[in-house]
Amino acid sequence: MSRLTGLYRGESSVDFPGLWRRAVMASTVAVLIGLASFGIRGLNLGLDFEGGTSYEVRAPGAEVADARAVMDDLGAGDARVQVVDDEVLLIRSDIEDPARAAEIRDALTTRLGPVEAFEQVGPTWGDEVTDKALRALVVFFVVVALYITVRLEWKMAVGALVAVAHDIVLSVGVYSVFQFEITPATVIAFLTIMGYSLYDTIVVYDKVREIVARLGATERYTYPELMNLALNRVTMRSINTSVTSAIPVVSLLVVGSLAMGAAALQEFAVALLVGIVVGSYSSLFLASSLVSRLKEGEERWQAVASKVRGRIGEEGPTRVIGRQEAVLSDTRAAPRRSPSGGPAKKRPPVVRPATGGAPPRPRKKKKR
Amino acid sequence: MPRRQLVLLLGIVALTVAASVLTVVWRNEPLLGLDLQGGVSVRLVAVGPTDEAMLDQTVEIIRDRIDGLGVAEPEISRTETGVMVSLPGVDDQERALTLVGTTAELRFRPVCRMLNFPGGATEASGTAPSGPASCALLDSGEVVPSVGPGGVTPPEDDHPTDFVVLGARTGSPGARYVLGPSLLTGEAIAEANPLFIDYQWQVGLDLRAGRVGIDGFNEIAARCYVGETSCPRLEGATNGRLAIVLDGQVVTAPAIRAPEFKADSILISGGFEKQEADDVSLALRYGALPVELEPENTRVVSATIGEDSLRAGVVAGLVGLLLVAAFIVGYYRILGLVALTSLAISGALLWAIVAHLGTQSGLALTLAGVTGMIVAIGVSVDSNVVYFEHLKEDVRDGRTARSSVDRAFPIAFATIVKADTASLIGAGLLWALTVGAVRGFALYLGLATLLDLVATYFFMGPMVRLLATTRWFAEHPRRFGLPASGAVSTPVSPTAEVIS
């Protein structure tokens, strides 16, 4: 609880670098499971991608729900049912095996009415749509990588793309493991996840860039320490945003499970929910750890690290930069005061406000 | 400073109100997609032998043709004998048929005569026969175009090298064009687009290079311009006309007003309505299908997603929105209310745009689009969260709330712009490079992101800064979800950060 209130007050002191190793391992395992499932079980592609069989049943007055009930009994509950001109039921199912399809036709005849037309149909989402979308995605990744390189730096571009790839593999992996049917709406959900993940990562990176620009020049903190401060400061934002994004999706999931025939909505919601959670997680844990690893190797940061080690002894767990230190070290906050060019000042005594303790009393009135 | 904020605020509020009022007044409604409301399904059967590859190619061309109309998100699939096309919410089944089209080939033919036109232009002039087959051959009776029932050349006699009599694709039903042999085919056309120039709708043509393109076209244009016998002046006109024929119907027959054209600056004007210009461009752009198709039937189909699912989705959306509102207000108090209003503004603008495009350009709102918008709610809220958290951070670092408000906004906004730009790049590329449902998604993503930026810059920022000038804000920071004071106990003056 105290950690939660600390988080709310911005006093959170999660040791992110200490968690990175575990996070990277967990993610690697999850990605491997996703890829393995994708390789072995593949995806359950729906009617729109693979085509299937269509039946036209003359059944005046019959409802969509009747047809769906029949198809459910036949083990083809994901069939798509439409009413045509009020008297014909157009039923399309992704069953391709001719024997099975004929079985269903016979069952439909006995239970609903005469099957007037019965044929194989091709996919509505053809290979051409997929090809173009994939090509567009490749172009998109290249352009976004360039964009992040220009606005931030190339190491962050690498981190962002790895994080996005991770999120997509996990989301698709969920569909593969549970064999949910892939519909065009699902593909859109994957694209949404991609956009969300990228957005989230850039927000986190911008905070890192801001903190490094402010405190980096003091040469008192190693890159992972600065990264840790930035992540702690952006955690509340990430949690709040994930919560507000996830609430409508969870609501879709709950309401969808109460309503009949809303299975499509539910699976769609699952994809989005996984994507939102994983998207925030990967920004805080994966994208940042990768960038930190890449930056640590830079000469500048190695020099800082050895200096810091010399001053405080062997590496322990990441030192957490307290609020006061952060403010005092803020090179922008006291520009006139900072010693020009001289060697780094002696570290000020660390007066870290006790987390969860009584904060200083607010002053009642500001004099202006 | 407050005046500027006030102007921005009033501007965006006025814009939102105006957009909402216009949406209601114009009766704009979003066009729901096939999955949500059903539509018209056209079944086409191939004439003659085909194989799967040809039908797949046909599907591709038809998809391009319909995508060119907007983002109607059609459902197009190959069947055993042809193609099935479903369009969302097209009330007019005839229009659905013409959209889907049954195309053979696009040909350029000179106009020899025009019969039964309201204006009554009939006789051709010019005599000296030279060059390509002259219309004079018709006058002398040497050639008689085959005419079937209905006064037009039947499709089986419609050979490119013959004189033919054809009707117009749209317009007066009795009108007939007597046309010379085909001089150029649809291969010549690289691109055709509706353009709004000089206060009227026109069709801009881009031709390919070479003999089958601009060179061939200019050769004809030179003849038609002077009214040679192969492309004569009609009565009372100064130039000859060149008809563009699609599937045995004249799409348009413009007079040639210049002897020579540049490949990318050919304009066809003719008092088009917007829809006509759209249709003509589409017909010109997507000339030939690899197989000839015949419509078998056109039927009204219901939604693919059951009404129960739809209702569940709407309920879920509303419940979700309420919960989000409760969370935001509970967490950020009055700032939370500002965030909600900002959300309402971008939502109202998005609705106005979606309704307008749905009515005007056939933009379909599918389940995927609806969900995209639900997720967009999350991202829009984030712009507020980024700012508010930055604000809290600054206050905790020892700044006064009031100075933090001014300082934090540009920094937070820069972050939001960076992140949103990545989304916009994605939306733009997907829009430009993909087809079908992905393209629809890209449009919604782009719109929602842009509106998020607009609402943040024009509403949320100014509103918070205005609130910050009140005494109330300075005295009760907690009501704004801000910490009472910084964690640093050193006294802080609003002007300079003091380190002692």
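**Strand pairing, burial and domains in a predicted model**

Reader: Which residue takes a positive phi in the hairpin of S9(B) and S10(B), and how many residues lie between the strands?

Author: Asp198(B) takes the positive phi, with a value near 50 degrees, and two residues lie between the strands of this hairpin. The model is a predicted one.

Reader: How do you know that S9 and S10 of chain B are paired, and in which sense do the strands run?

Author: Eight bridges join S9 (residues 189–197) of chain B to S10 (residues 200–207) of chain B. Pairing requires at least two bridges between two strands, and eight satisfies that requirement, so S9(B) and S10(B) count as paired. These strands run antiparallel. As an example of the register, Ile189(B) stands opposite Leu207(B) in S10(B).

Reader: What makes S10(B) and S13 of chain B a pair?

Author: The criterion is again at least two bridges. S10(B) and S13 (residues 266–272) of chain B have five bridges, therefore they pair, and they do so in the antiparallel sense. Gln202(B) stands opposite Ser269(B) in S13(B), while Val203(B) faces Ile268(B) of S13(B).

Reader: Why are S9 and S13 of chain B said to stand at the edges?

Author: The strand order is S9-S10-S13 in an open, antiparallel sheet of three strands in chain B. S9 and S13 of chain B each have a single partner strand, so one side of each has no neighbour in the sheet, and they are the edge strands. From one strand to the next, the twist averages 25 degrees.

Reader: Why is Gly227(B) called buried?

Author: Gly227(B) has 20 C-beta neighbours inside 10 Å. The term buried requires 20 or more, so Gly227(B) meets the limit and counts as buried. Gly227(B) belongs to the loop between helix H6 (214–226) and strand S11 (242–246) of chain B. Its C-alpha atom is separated by 72 Å from that of Ala325(B), a residue 98 positions apart along the chain.

Reader: What makes Arg27(B) exposed?

Author: Arg27(B) has 8 C-beta neighbours inside 10 Å. The limit for exposed is 12 or fewer, therefore Arg27(B) counts as exposed. Arg27(B) is located in the loop between helix H1 (2–25) and strand S1 (31–32) of chain B. Arg27(B) is a residue other than glycine with a positive phi, near 55 degrees.

Reader: Why is Gln179(A) called exposed?

Author: Within 10 Å of Gln179(A) there are 12 other C-beta atoms. Exposed means 12 or fewer, so Gln179(A) meets the limit and is exposed. The loop that holds Gln179(A) runs between helix H7 (154–177) and strand S6 (181–182) of chain A. Gln179(A), also a residue other than glycine, takes a positive phi near 55 degrees.

Reader: How many helices and strands has chain A, and what percentage of its residues count as buried?

Author: Chain A contains 12 helices and six strands. Of its 368 residues, 46% count as buried. Among contacts between residues at least 6 apart in the sequence of chain A, 80% join residues at least 24 apart.

Reader: What domains does the assignment give for chain A, and into which domains is chain B divided?

Author: Chain A has domain 1 (8–43 + 127–300) and domain 2 (52–121), with C-alpha centres 41 Å apart. Chain B is divided into domain 1 (2–26 + 304–480), domain 2 (39–100 + 297–301) and domain 3 (106–286). The C-alpha centres of domain 1 and domain 3 of chain B are separated by 52 Å.

Note on methods. Residues numbered from 1 in each chain as written. Chains lettered and ligands numbered in written order. Predicted model: local features only at pLDDT ≥ 70, side-chain atom pairs only at ≥ 80, totals over all residues. Domains from an automatic or database assignment. Helix = DSSP H or I, 4+ residues; strand = E, 2+ residues; numbered from the N terminus. Axes fitted to C-alpha atoms, helices over the stretch in contact; angles between N-to-C directions. Contact = placed C-beta atoms within 7 Å.
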